[in-house]
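Me: Could you take a close look at one part of this model for me? I'd like to hear what sits around it and how it ties in with the rest.

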Amino acid sequence: MEQIVFLSEGRINILQDSAVRVLECKIAEKYRERAREIRRKNEWKNSGTGANFMGSSLFTGAFKDAPEIALKLPVTGVSRESDRLVYALNFETGGGLYYTHFTSEGQDTHIFVNTSTSFFELDVNSSGIIAVSCANSRVERHISLFNISENNFNGITDGECSDCNPKWSRKNENILYYDSAGIGYTNSGHFGGFGPRSVYRLNIKTGELDEILTGGEFEYVSPFEDEDGNLYFIRRPYKQAKVSISLFDFLTAPFKILRAIGGWFNFFSLRYTGEPLNTAGANPAKANQKSQQQIFIDGNLLEAEKNLKLNLAAGDKNPGYAPRNWELVKKSPGGEEKILQKSVISYCVTNNGIVYSNGKYIISENKAVKAHLATKLIYLE
């Protein structure tokens, strides 16, 4: 009976026979309760005379919602290892890798925890080696390997880049695929934006690294090689971010610092849970409407309602939030490319074909099930 695991708004979900159930992460709930307790203890510092005494009243607007990030504690990566799931969970100052059981109600257990490292997309091969995208800074990410049996953790990529979506080849377990984008910095050393994402193939035994999909007006993400050597990936147009600073921005920069702090927390929440912390104005109805129209998917800000209408007009039976030019492509060992689906955010290859998410539905050959912002699809068989 086919089962699909996926992430939705920071939670693990399991799809089976058109029914979706949430798999609660007990470790996450433990951290949430700790965050609630800390918030209760610190409430006096952010309100009334306590705030004035602590000198924090000026920061209330920027920080008042910040603890909500700790309460959300989004799961950022998931993969299967035997009859268990391995998932990544990030907290205030770091993150960890954990086990949970999808067939029983057993306790979650930790695999590896680091107070200065955040963990994201991951995959486990048949030898029990976890490949995971890690971050020790706000923008750079690199791939690390964790050997479960040897309890050994090593970084295998570096540089000024963002390495994401590691995936072991199903044909050769020594081959690891991932996508990567170079990071640009301004002359003053500030973050300037990401370059287009390319797909790399790394042989962890020989150290041989090849850039296999790159260039042109597109970027390439989420590679997967099946047992027959077919390579699947998502191809989408690359939009270069424009970074410029006007004289007005420079002169008013000091007055924007507090707003920027609060905005960063809001961005973090929106990026990893799909929900903003602030209400973006005095009218909650308008704020809710905006949050539905603009969403973050894989680091891209999308006009969800606009894309939904365009996909419906194009004749999609189950239109989603992803643009139609986000295409799932299959490349044969001989180099022939075939577009399998359009409007694809995430996908997995099953024994019965392709299952993919368009942001609103998870779709297979025979059915479509509503799954809001479903990403990181995993086939359980």
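Reply: Let's start with glutamate 219 and the company it keeps: leaving out residues up to four places away in sequence, glutamate 219 touches Gly195, Pro196 and Arg197, plus a run made up of Ile234, Arg235, Arg236, Pro237 and Tyr238. Bear in mind that this is a predicted model. Glutamate 219 belongs to strand E17, which covers residues 218–225. Its relative accessibility is 6%, and because the cut-off for buried is under 20%, glutamate 219 counts as buried.

Now for the Gly195 side. Glycine 195 and glutamate 219 are 24 residues apart in sequence, with 8.9 Å between their C-alpha atoms. Next to that, a polar atom of the glutamate 219 side chain lies 3.0 Å from the backbone nitrogen of arginine 197.

Move on to serine 198 and you're in strand E15, residues 198–203. Serine 198 is at 5% relative accessibility, so serine 198 counts as buried too. Its side chain makes a polar contact of 3.4 Å with the side chain of glutamate 211. Setting aside neighbours within four places in sequence, serine 198 is in contact with Tyr178, Asp179 and Ser180, and also with Glu211, Leu213, Thr214 and Tyr220.

As for the wider setting, the chain has 8 helices and 27 strands. Of its 381 residues, 45% are buried. Taking contacts between residues at least 6 apart in sequence, 44% join residues at least 24 apart. The accessible surface of the chain is about 20,200 Å², and carbon and sulfur atoms account for 50% of it.

Note on methods: Residues are numbered from 1 along each chain as its sequence is written. This is a predicted model: local features need pLDDT of at least 70, side-chain atom pairs count only at pLDDT 80 or more; totals for chains, interfaces and linings use all residues. Side-chain values use heavy atoms; hydrogens and water are left out. Helices (H or I, at least four residues) and strands (E, at least two) are DSSP runs, numbered from the N terminus. Buried means under 20% relative accessible area, exposed over 50%, partly exposed in between (1.4 Å probe, protein chains only). A polar contact is a pair of N or O atoms within 3.5 Å; within protein, one must be able to donate a hydrogen and the other to accept it, and residues adjacent in sequence count only if both atoms are side-chain atoms. Contact means heavy atoms within 4.5 Å. Accessible areas come from the Shrake-Rupley method with a 1.4 Å probe; for residues, only the protein chains shown count as cover.
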